[in-house]
Amino acid sequence: MLTLRGAQQVFRTARGDVPAVAGVDLDVRPGQVLCLVGESGCGKTTTARMAAALSSPTAGEVLFRGRDVATMDRGERAAFRRSVQYIHQDPYASLNPVRTVFSTVSAGLRRHKLVKDRHEARRVTIELLERVELTPAEDYLDKYPHQMSGGQRQRVAVARALAMEPEVIIADESTSMLDVSIRVSLLNTLGRLRDDLGVSFLFITHDLAVAKYFAWRGEIAVMYLGKVVEHGPTPQVVNDPRHPYTQALISAVCEPDPDLARTKERVRLRSSDIPDLTDLPPGCDFHPRCPLYAEGSCDTERPPLVRSHDRLLACHVVTRG
Amino acid sequence: MSPVNDLPTTPDDPGPLLSVRGVDVGYRTGRRTQVTAVHDVSFDLHPGQSMALVGESGCGKTTLGLGLLRLLPRSGVVPKGEILFRRKDGTRVDVRTLEKEKLRRFRWNEAAMVFQGAMNAFNPVLRIEEHFLDTFRAHERAGRRRPRKEILERSAELLEMVRLDPARVLGSYPHELSGGMRQRSLIALALALRPQLIILDEPTTALDILTQRSIVERLAELREELRFSMVFITHDLGLAAELADRVGTMYAGRLIETGTTRDIFYRSRHPYTSALINAVPPVVGDLHVPESLPGGPPSLNALPPGCSFAPRCAHALDVCTTTRPTLDVLQHRGAGLSHTAACLRSTDAELHAEGSPVIDRTVNPAHAEPRPDDTAPRAASTVGHAGAPASTGPAPGSVLDAASAAEAVEADERRAQPPC
């Protein structure tokens, strides 16, 4: 459906080139969830922006239904823009404060001429709000963002994305600003869109628990410093992580269970500092922190992403295994 | 006016470090109008304890934390109650009525705060060393003014304590540090004058997971070394499970359930606490479908009559909408560790029998069923390696007086369970 092939994004800065995303291959399949996880600065958002054609990759390509996004003509591009929708992280910043909910949600409908008149726009907007469980929808139509809570705003953002009947929704940390209670209900709403409407998701989060819950039947790709280090079906990656970085991430999660929290085994990293993107270590990017570091290839040769243990892995030690 | 109640305390039982009695915290919203954000909160914090305040946004957690140190914004008031604090010299003061200069000596020397959002807590135009110098000069006891060099040496020690490189950090501006480094610097700064109590407001929110982990572990170690007490405010229940000996749940400005961490996580008796816990999907084990908790906390201006949680509660009865439940003691323990809940159905056998509102791991003392092991359902990844590896980290509070009492209570309970 939506494919990234060797997509690369290098930012030129005064301090040197920053390879924010250093060649990733990802596939978002119809009706499936692909979850990107990793720490801040690992290139998750940059990848999402490339996937949505909000920025063009410096190398590699982004394909939508087999067509390269960069070479699309006007008509194709308009169709692409409709089919791929983006939900931002911060619902306080992503909604225009001087527009009502109706105006925000119907803007795309009117722009893409999907509705005839204002009357129809209102009817369609009400349907959309009901779909994201903002009911009674009539009460919300004329509200401004400041009159709503964070969870409600994020639902408006989801409704706006749905207005275009998208095939792919790119959700960038869409639930991380919300309270735990609201987070689950928004995830359930998104899950219903996935199941009922067959919308595909490129879901970005740093919260592994959320990734596990939302992408249980999909795939997870773990990113570190602009590269995918482990990529496979969610149950395998979360319950049986193989890459030492994934293991560290999963063991670092605070579990809501006091006994478990005290007995859980933690992966000890050799260093807690993330290397600077302008000055990457030779060999494997993770080797200065890696608990499995072994003399030999780790600090000289970059591990390729290869199929191993029923998933894709980039680690010399584990794949040699 | 006598703000200081110089009550001498007996040396063998120093009593609670912090004793909060019927405290209300409000904000003035107009000339004659006021909204009460925290209602009638009482708890005792004993030396060495670590207490988590949990709840959704807008439940009054931060307001209470700020109120305890009188750090509220200008519009904030503490109209009622007592906040008794036992100072290092053994005298008790009521923080609520402390006068200006004494309040200044109290803050940081006795109790310090680590603010939410490490991003904004530092002054962006001052170097980190400037913040340390300011703190020492403003809060250290009069007559002990130290030269700049000595303060900087001490600051360097503090930064090393939180595993930062002083040479790199002291001369930097806040924007030159990462979020984790800033948060660590803030913790170092809070520890500067060896306070007995630290209040942390969302200490790890907005940090990356590996950074969060290292801060959590460092905090637990520091607490063992320096023996301070903590009150931390969080909406991350995982953090509470990990770092706290005891938990207080807040809803709509009231404490609605308190107890040891195990009480709250395994035997919670308030549907709100259970709902919060069930809303967090765990990472280990098979897919656990979290339950959503629809709606949000009520507006503080228009609290529903009766139980504030009744409109959202799945187990509410008619009586819940008319009668406000009181915080009842369910299991009495010393050192402020009693399990209490403000729910009319907290002792309702029907509700708590088969662990219905609580996670299926629940064991209810009243209906004890054989519990093989609390961790058994997720045993897959909770390998209880013999001679727990060093990486497990010290069980927080294991050497602390009051906290070890909590552990002892827990251990007793565990023993009381039928053997497996």
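**A colleague's note on chains A and B**

1. A small detail to start with: in this predicted model, A:Gly198 comes just after α7(A) and has a positive phi of about 65 degrees.

2. Now to α7(A) itself. With 18 residues at 1.5 Å a residue, α7(A) should span 26 Å, and the 25 Å between its end C-alpha atoms agrees with that.

3. The buried residues of α7(A) are A:Val180, A:Ser181, A:Ile182, A:Arg183, A:Val184, A:Ser185, A:Leu186, A:Leu187, A:Leu190 and A:Arg194. Their cover includes β3 (33-37), α6, β8 (200-205) and α8 of chain A, together with α11 (271-278) of chain B.

4. You may also like to look at where the two chains meet. Here 38 residues of chain A are in contact with 43 residues of chain B. On the chain A side, the elements giving two or more residues are α7 (180-197), α8 (208-214), α10 (244-252) and α11 (258-263). The most comes from α11(A), with six residues. By class, the side of chain A that touches chain B has 19 nonpolar, eight polar and 11 charged residues.

5. Lastly, a helix pair within chain A. The axes of α3 (residues 101-111) and α6 (residues 150-162) of chain A come within 7 Å and cross at roughly 25 degrees. Angles under 35 degrees count as roughly parallel, and α3(A) and α6(A) are therefore roughly parallel to each other. The crossing of α3(A) past α6(A) is right-handed. A:Val101, A:Thr104, A:Val105 and A:Gly108 of α3(A) make the contact with A:Val156, A:Ala159 and A:Arg160 of α6(A). That contact has four nonpolar, two polar and one charged residues.

Definitions and conventions: Residues are numbered from 1 along each chain as its sequence is written. Chains are lettered from A and ligands numbered from 1 in the order in which they are written. This is a predicted model: local features need pLDDT of at least 70, side-chain atom pairs count only at pLDDT 80 or more; totals for chains, interfaces and linings use all residues. Two residues are in contact if their C-beta atoms, placed from the backbone, lie within 7 Å. Helices (H or I, at least four residues) and strands (E, at least two) are DSSP runs, numbered from the N terminus. Ala, Val, Leu, Ile, Met, Phe, Trp, Tyr, Cys and Pro count as nonpolar, Asp, Glu, Lys and Arg as charged, and the others, Gly among them, as polar. Axes are lines fitted to C-alpha atoms, for helices over the stretch in contact, and angles run from 0 to 180 degrees between N-to-C directions. Angles under 35 degrees count as roughly parallel, over 145 as roughly antiparallel, 65 to 115 as roughly perpendicular and the rest as oblique. A crossing is left-handed if the near helix is turned anticlockwise from the far one by less than a right angle, and right-handed if clockwise. The expected span of a helix is 1.5 Å times one less than its number of residues. A residue is buried if 20 or more other C-beta atoms lie within 10 Å of its own, exposed if 12 or fewer, and partly exposed in between; C-beta atoms are placed from the backbone.
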